[in-house]
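Me: I'd like to learn how to read a protein model feature by feature. Could you walk me through this one?

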Amino acid sequence: MTLLVDSFWRAAGQTLQPKVIGLSLLPLFLVTVAAALLGYFFWTPAEEWMRAAVGGWPWLNSVWGWLDKIGAGGVKGWVAPFLLLLATVPLVVLVVLLIVATMMTPTLVAMVGKRQYPALERKKGGGFAASVFWSLSATGIALVLLVLSMPLWLIPPLILIVPPLIWGWLTYRVMAFDAMAEHASSEERRAIFKRHRSSLLIIGVLSGYLGAAPAIVWASGLIFAFAFVVLVPVAIWIYTLVFAFSSLWFAHYCLAALEQLRLSELSPPQRGQGRPSDFQGRIPDHESSTSRPEQSPRLPR
């Protein structure tokens with residue numbers, strides 16, 4: 001738990017640094033441009049298709065009639081854009097996650113390793129191809145789970161539990177792998193996944209809940225249509241910063257866990273050496289275990 005909290009505060013402090021904020025601008029630009037182009041060409045046809053699909057649901061006719069009686073018939077015009085937005089947001093989050101993992105995480109991990117763990121050996125247990133395969137496979141599993149769990153989203157309590165759990169699992173699988181790709185060997189990575197699975201999942205789930213914060217911005221953009229063009233980039237930038245913070249959190253936690261793993265595998269004399277910054281000034285084990293003979297005071301002649 002100490003490692004979990006310590007890595008959280010270290011990541012939170014570094015997320016607000018100018019370098020990290022500057023790194024987040026490139027993913028923001030790429031995702032915003034892609035979203036603008038796709039929205040320009042496909043939003044209107046997709047909205048019309050969604051409106052036609054919603055109109056074909058017989059059980060909604062009674063709802064429309066009830067809304068007309070209470071003078072809220074205009075709500076029908078918001079149903080199709082709202083459902084389309086619900087279907088679009090997970091795709092945007094997924095794209096932002098993959099872009100941050102590809103473009104920002106290696107730089108952030110290198111920054112953490114250089115500042116906090118300069119003596120940690122780099123065994124390069126995961127290359128670029130392995131990282132891409134790992135991310136795509138985890139993404140495919142998460143998409144299947146999201147589609148299968150959509151009926152559960154209609155139950156009010158579960159919509160606050162199921163999607164963050166899936167996003168948390170995906171974030172944990174992608175970010176933890178990339179955080180250890182440069183420094184850990186494949187055997188060390190598997191050992192850390194096994195020993196720290198619960199803590200890594202907690203980081204991923206909390207990051208998933210933090211990723212739900214931009215939903216307020218999306219909803220505001222839907223209500224205030226005139227500000228939609230401004231609010232959408234704001235939401236995307238919040239996603240980018242949340243995933244940058246997650247990368248830093250995983251980097252601090254995983255590299256510290258890797259250092260502990262290597263120290264635990266050393267023999268006792270080697271383990272006592274540790275990191276110079278952590279053990280500087282301590283009496284070595286062989287000197288502390290052997291007491292020096294006490295000298296008797298000299299008598300005056």
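Reply: Happy to. In the protein chain, residues 24 or more positions apart account for 83% of the contacts that have a separation of 6 or more. Keep in mind that this is a predicted model.

Me: What does the secondary structure of the protein chain come to?

Reply: The chain has 16 helices and zero strands. Buried residues make up 38% of its 301 residues. The chain exposes about 17800 Å², and carbon and sulfur atoms supply 70% of that.

Me: How do I check a helix such as H11, and what should its 14 residues span?

Reply: Use the rise of 1.5 Å a residue: helix H11, residues 197-210, should span 20 Å, and its end C-alpha atoms are 20 Å apart, which agrees. Then look at burial. In H11 the buried residues are Ser199, Leu200, Ile203, Gly204, Val205, Ser207 and Gly208.

Me: Why would residues three or four places apart in an α-helix point the same way?

Reply: An α-helix has 3.6 residues a turn, so positions three or four places apart point the same way. Keep that idea for the salt bridges below.

Me: Which residues have the most contacts inside the largest nonpolar core?

Reply: They are Val96, Leu170, Leu200 and Phe250, in a core of 59 residues. Helix H13, residues 228-264, gives the most to this core, with 17 residues. Leucine 200 is a good one to click on: beyond its neighbours within four places in sequence, leucine 200 is in contact with Tyr172, Ala176, Ile192, Phe193, Phe250, Tyr253 and Cys254.

Me: And threonine 171: is that residue buried or exposed?

Reply: Threonine 171 counts as buried because its relative accessibility is 1%, below the 20% limit for that class. This threonine is found in helix H9, residues 162-180. Setting aside residues up to four places away in sequence, threonine 171 touches Leu97, Ala176, Gly204, Ser207, Phe243, Ser246 and Phe250.

Me: Can you show me a case at the other end of the scale?

Reply: Try arginine 190, in helix H10, residues 186-195. Arginine 190 counts as exposed because its relative accessibility is 51%, and the limit for that class is over 50%. Its C-alpha atom is separated by 9.7 Å from that of phenylalanine 177, 13 residues apart along the chain.

Me: Which residues form the nonpolar patch on the surface?

Reply: Leu26, Phe29, Leu30, Val33, Leu37, Leu38, Tyr40, Phe41, Phe42 and Met103 form the patch, with about 1100 Å² of accessible area together. Nine residues, the largest share, come from helix H3, residues 25-55. Leucine 38 is one of the patch residues and lies in helix H3.

Me: Now the charged pairs. How many salt bridges does the structure hold?

Reply: It holds six salt bridges. Begin with aspartate 6 and arginine 10, whose closest N and O atoms are 2.9 Å apart. Being four residues apart in helix H1, residues 2-15, these two are separated by about one helical turn. Aspartate 6 is partly exposed, with a relative accessible area of 36%, and arginine 10 is partly exposed at 36% as well.

Me: What else is arginine 10 in contact with, leaving aside its neighbours within four places in sequence?

Reply: Gln116 and His252. Arginine 10 and histidine 252 are 242 residues apart in sequence and 7.4 Å apart in space, C-alpha to C-alpha.

Me: Which salt bridge partner does glutamate 182 have, and at what distance?

Reply: Glutamate 182 meets arginine 122, at 3.7 Å from N to O. This pair links distant parts of the chain, 60 residues apart: glutamate 182 sits in the loop between H9 and H10, and arginine 122 in the loop between helix H6 (105-116) and helix H7 (128-149). Glutamate 182 counts as partly exposed at 27% relative accessibility, and arginine 122 also counts as partly exposed, at 42%. Arg122, Lys124 and Glu182 are linked in a network of salt bridges.

Me: And glutamate 188 with arginine 262: what does that pair tie together?

Reply: The closest N and O atoms of this salt bridge are 3.0 Å apart. Glutamate 188 lies in helix H10 and arginine 262 in helix H13, so the pair ties together parts that are 74 residues apart in sequence. Glutamate 188 and arginine 262 are both buried.

Definitions and conventions:
Residues are numbered from 1 along each chain as its sequence is written. This is a predicted model: local features need pLDDT of at least 70, side-chain atom pairs count only at pLDDT 80 or more; totals for chains, interfaces and linings use all residues. Side-chain values use heavy atoms; hydrogens and water are left out. The expected span of a helix is 1.5 Å times one less than its number of residues. Buried means under 20% relative accessible area, exposed over 50%, partly exposed in between (1.4 Å probe, protein chains only). Patches are made of residues with over 30% relative accessible area and no salt bridge: like charges are joined within 9 Å, nonpolar side chains (Val, Leu, Ile, Met, Phe, Trp, Tyr) within 5 Å. Accessible areas come from the Shrake-Rupley method with a 1.4 Å probe; for residues, only the protein chains shown count as cover. A salt bridge is a side-chain nitrogen of Lys or Arg within 4 Å of a carboxyl oxygen of Asp or Glu. Contact means heavy atoms within 4.5 Å. A nonpolar core is a set of buried Ala, Val, Leu, Ile, Met, Phe, Trp, Tyr and Cys residues joined through side-chain atoms within 4.5 Å.
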